[in-house]
Amino acid sequence: MHNLQKKKASILALCGKGGVGKTSLSATIVKILSSDPNNKVLAIDADPAVGLSGALGIDVTKTVDDIRNELILRVESGKTTDKAEMLSMLDYEMLSAMEEHKNIAFLAIGRPEKEGCYCQVNHILKDLIASMADNFDYVVIDGEAGIEQVNRRVMEKVSHLILVSDASAKGINVVKTIKEVSDTAIEYEKAGLILNRLRSKTEYEKLVIPAELDCLGWVPEDETIRSYDIEGKSILEIDDSPAIAAVEKCLSEMGLLAHLARISHEEN
Ligand SMILES: Nc1ncnc2c1ncn2[C@@H]1O[C@H](COP(=O)(O)OP(=O)(O)OP(=O)(O)O)[C@@H](O)[C@H]1O
Ligand SMILES: [Mg+2]
């Protein structure tokens with residue numbers, strides 16, 4: 001029997017200052033969520049520098065922006081003007097741009113080459129991504145530094161905004177600003193901070209975290225994450241590591257992993 005009532009996907013977007021670990025944590029989250037074979041996970045690389053595919057060991061053949069640029073060319077040359085025709089072409093192209101590995105699907109947004117307002121194309125693409133998201137239980141978006149950018153190019157709404165910072169005052173300041181901008185610019189249900197690459201619990205306890213940032217927890221500096229990155233290996237292949245366990249706790253803190261919710265926050 002078909003389940004007529006579709007479950008709404010939880011949409012997680014990660015953002016923060018450059019180099020703080022957004023891509024590594026996005027890949028780790030994809031790994032954790034997809035470890036349950038019943039979960040369908042869509043990973044979206046919204047960073048023009050395209051890093052998430054590498055962290056997940058997935059080859060990108062086509063990005064959403066490649067499709068967008070092709071369509072703009074068609075519109076400009078007068079080949080396509082009909083909206084229905086545009087939609088069916090995009091539908092097909094988007095499906096072919098999606099890479100699938102078991103219960104994980106992957107979509108790279110790419111780099112917009114054409115500046116200017118191609119509002120109709122942008123809207124259609126955003127609608128398509130949103131309707132594709134409905135086929136998944138979780139969508140994980142590895143964003144670039146500004147959440148507005150994610151919002152403008154990828155999705156109108158996220159359910160879980162995950163702010164990532166290292167221990168630096170600069171990193172924390174950046175997420176504070178992102179949170180302020182997000183409060184007015186985007187729709188989200190929950191926001192939480194993950195502090196990455198901390199050396200010890202003492203370092204975590206010494207940090208002054210602005211009251212408006214709800215801290216989900218901290219992730220230790222993890223040799224496995226570092227060496228997998230250096231060797232170009234997929235985070236999906238890591239069996240277990242301190243960083244994975246710490247990210248799991250952060251997700252359960254956000255109510256994303258009901259079965260892990262009982263894990264005590266004090267365990268560290
Ligand atoms: N917990 C961790 N332990 C050890 N190394 C880490 C950890 N998290 C991230 N790194 C390393 O830090 C570097 C930057 O991480 P990553 O690429 O995930 O950051 P980013 O925020 O996505 O960067 P960018 O802004 O350039 O996209 C990488 O070399 C990665 O392997
Ligand atoms: Mg990155």
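# Briefing: strands, helices and a ligand shell

Strand β2 (residues 41-45) runs parallel to β4, and the two pair over 5 bridges. The model shown here is predicted. The chain holds 10 helices and 8 strands. Its radius of gyration is 19 Å, close to the 18 Å that the globule rule gives for 268 residues, so the chain is as compact as a globular protein of that length.

**The chain as a whole**

- The C-alpha trace spans about 65 × 45 × 40 Å along its principal axes.
- Of the 268 residues, 40% count as buried.
- Take the contacts with a separation of 6 or more: 76% of them join residues 24 or more positions apart.

**Strand β4 and its partners**

- Strand β4 covers residues 104-108, and 5 of its 5 residues are buried.
- Which residues point which way from β4? I104, F106 and A108 point one way, while A105 and L107 point the other way. Both groups are buried.
- On the β2 side, V41 has I104 of β4 as its bridge partner.
- Strand β3 (residues 99-101) also pairs with β4, this time in the antiparallel sense, over 3 bridges.
- Within that pairing, E100 stands opposite A105 of β4.
- β3 and β4 make a hairpin, with 2 residues between the strands.

**Two residues with positive phi**

- Most residues other than glycine have a negative phi.
- K102 is not a glycine, yet its phi is positive, about 50 degrees.
- K102 is found in the loop between β3 and β4.
- Is K102 buried or exposed? K102 has 10 C-beta neighbours inside 10 Å, so it counts as exposed. The cut-off for exposed is 12 or fewer.
- R197 is another residue other than glycine with a positive phi, near 65 degrees.
- R197 lies in strand β7.
- R197 is buried, because 23 other C-beta atoms lie within 10 Å. The cut-off for buried is 20 or more.

**Helix α10**

- Helix α10 spans residues 242-253, which is 12 residues.
- From its first C-alpha to its last, α10 reaches 17 Å, close to the 16 Å expected at 1.5 Å a residue.
- How many residues of α10 are buried? The count is 9 of the 12, so the helix is largely enclosed by the rest of the structure.
- The buried residues of α10 include A243, I244, A246 and V247. E248, K249, C250, L251 and S252 are also among them.
- Those buried residues pack against α1, β7, β8 (215-220) and α9.
- After α10 comes G255, with a positive phi near 80 degrees.

**Around ligand 1**

- Ligand 1 is surrounded by 19 residues. The closest are G21, K22, T23, S24 and D229.
- Which elements give two or more residues to this shell? They are α1 (22-34), β7 (190-198) and α9 (223-231).
- α1, β7 and α9 are also among the elements that the buried residues of α10 pack against.
- By type, the shell divides into 5 nonpolar, 7 polar and 7 charged residues.

Methods: Residues are numbered from 1 along each chain as its sequence is written. Chains are lettered from A and ligands numbered from 1 in the order in which they are written. This is a predicted model: local features need pLDDT of at least 70, side-chain atom pairs count only at pLDDT 80 or more; totals for chains, interfaces and linings use all residues. A residue is near a molecule or strand if its C-beta atom, placed from the backbone, lies within 6 Å of it. Helices (H or I, at least four residues) and strands (E, at least two) are DSSP runs, numbered from the N terminus. Ala, Val, Leu, Ile, Met, Phe, Trp, Tyr, Cys and Pro count as nonpolar, Asp, Glu, Lys and Arg as charged, and the others, Gly among them, as polar. The radius of gyration is taken over C-alpha atoms; the globule rule is 2.2 Å times the number of residues to the power 0.38. Two residues are in contact if their C-beta atoms, placed from the backbone, lie within 7 Å. The expected span of a helix is 1.5 Å times one less than its number of residues. Two strands pair if DSSP finds at least two bridges between them.
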